[in-house]
Amino acid sequence: MKRVWYVVLALVAAGLAQGADQISATMIYTEPSGASFNVDGKEYRGPVTFLWPEGTKHLLQLPSITEVAPGIRYTCTVWSDSKQLLQNPGASQEIVADPTVSYYKGTCQLMYRLQLGLMERPEEGLIPSCA
């Protein structure tokens with residue numbers, strides 16, 4: 001009887017192994033690096049690789065502005081992927097884990113605030129200055 005039980009367990013284990021979901025290793029990052037992004041509601045600021053079961057759904061979001069220091073910020077607008085599968089590549093994307101897609105990239109621009117001013121010297125007139 002024990003021998004039959006072991007054979008049944010072996011068959012069940014083999015069936016479960018065949019039916020197991022394929023794992024999708026997907027890197028998510030921004031270019032240039034340093035801008036924040038959200039995956040399933042959690043914020044990240046650097047490249048991260050997720051291991052997701054194939055077919056699971058996930059939400060990618062780019063905040064419109066990421067302030068990194070006074071006067072320095074990223075503006076992010078669009079996601080792209082390694083297979084160019086995204087139909088409407090906007091700042092928010094619902095994706096389905098797919099082992100053939102190796103990455104999703106958020107495209108950003110680094111912006112700097114400049115302040116220009118003019119100083120007046122009575123003897124020389126207007127002189128440009130930068131701050």
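1. Gln84 sits in the loop between E7 and strand E8 (92–96). In this predicted model, Gln84 has a positive phi of about 55 degrees, although it is not a glycine. With a relative accessibility of 72%, Gln84 counts as exposed. You may like to look at this loop first when you check backbone torsions.

2. A second residue belongs with that one. Asp40 also is not a glycine, and its phi is positive, at about 50 degrees. Asp40 is placed in the loop between E2 and strand E3 (42–44). Its relative accessibility is 43%, so Asp40 counts as partly exposed.

3. The next backbone point concerns a peptide bond. Glu31 and Pro32 are joined by a cis peptide bond, with omega about 0 degrees. Pro32 belongs to the loop between E1 and E2, while Glu31 lies in strand E1 (residues 23–31).

4. Glu31 comes up again among the charged pairs. How many salt bridges does the structure hold? There are two. In one of them, Lys105 pairs with Glu31, and the closest N and O atoms are 3.8 Å apart. Because Lys105 lies in strand E9 and Glu31 in strand E1, the pair ties together parts that are 74 residues apart in sequence. Is each partner buried or exposed? Lys105 counts as buried, at 18% relative accessibility, with the cut-off for buried being under 20%. Glu31, by contrast, is partly exposed, with a relative accessible area of 43%.

5. Glu43 and Arg45 make a salt bridge too, their closest N and O atoms being 3.8 Å apart. Here Glu43 is partly exposed at 47% relative accessibility, and Arg45 is partly exposed with a relative accessible area of 42%.

6. Arg45 leads on to Thr66, since Arg45 is on the contact list of that residue. Leaving aside neighbours within four places in sequence, Thr66 is in contact with Ala35, Ser36, Arg45, Ile72, Arg73 and Tyr74. With Ser36 there is a polar contact between the two side chains, at 3.1 Å. Thr66 lies in strand E6 and is buried, having a relative accessible area of 3%.

7. Now for the interior. In soluble globular proteins, nonpolar side chains tend to be buried together. The largest nonpolar core in this model has 19 residues, and those with the most contacts inside it are Ile28, Phe37, Val39, Trp79 and Tyr104. The elements giving two or more residues to this core are strand E2 (37–39), strand E4 (48–53), strand E7 (72–81) and strand E9 (103–112).

8. Ile28 is a handy residue to centre on when you view the core. Which residues does Ile28 touch, not counting those up to four places away in sequence? They are Phe37, Val39, Gly46, Pro47, Val48, Phe50, Trp52, Leu60, Trp79 and Tyr104. Among them, Phe37, Val39, Trp79 and Tyr104 also appear with Ile28 in the group that has the most contacts inside the core.

9. Last, the surface. Val68, Leu110 and Tyr112 form a nonpolar patch there, with about 280 Å² of accessible area together. Val68 is in strand E6 (residues 65–69), the strand that also holds Thr66. The relative accessible area of Val68 is 39%, which makes this residue partly exposed, whereas Thr66 is buried at 3%.

Note on methods. Residues are numbered from 1 along each chain as its sequence is written. This is a predicted model: local features need pLDDT of at least 70, side-chain atom pairs count only at pLDDT 80 or more; totals for chains, interfaces and linings use all residues. Side-chain values use heavy atoms; hydrogens and water are left out. Patches are made of residues with over 30% relative accessible area and no salt bridge: like charges are joined within 9 Å, nonpolar side chains (Val, Leu, Ile, Met, Phe, Trp, Tyr) within 5 Å. Accessible areas come from the Shrake-Rupley method with a 1.4 Å probe; for residues, only the protein chains shown count as cover. A salt bridge is a side-chain nitrogen of Lys or Arg within 4 Å of a carboxyl oxygen of Asp or Glu. Helices (H or I, at least four residues) and strands (E, at least two) are DSSP runs, numbered from the N terminus. Buried means under 20% relative accessible area, exposed over 50%, partly exposed in between (1.4 Å probe, protein chains only). A nonpolar core is a set of buried Ala, Val, Leu, Ile, Met, Phe, Trp, Tyr and Cys residues joined through side-chain atoms within 4.5 Å. Contact means heavy atoms within 4.5 Å. A polar contact is a pair of N or O atoms within 3.5 Å; within protein, one must be able to donate a hydrogen and the other to accept it, and residues adjacent in sequence count only if both atoms are side-chain atoms.
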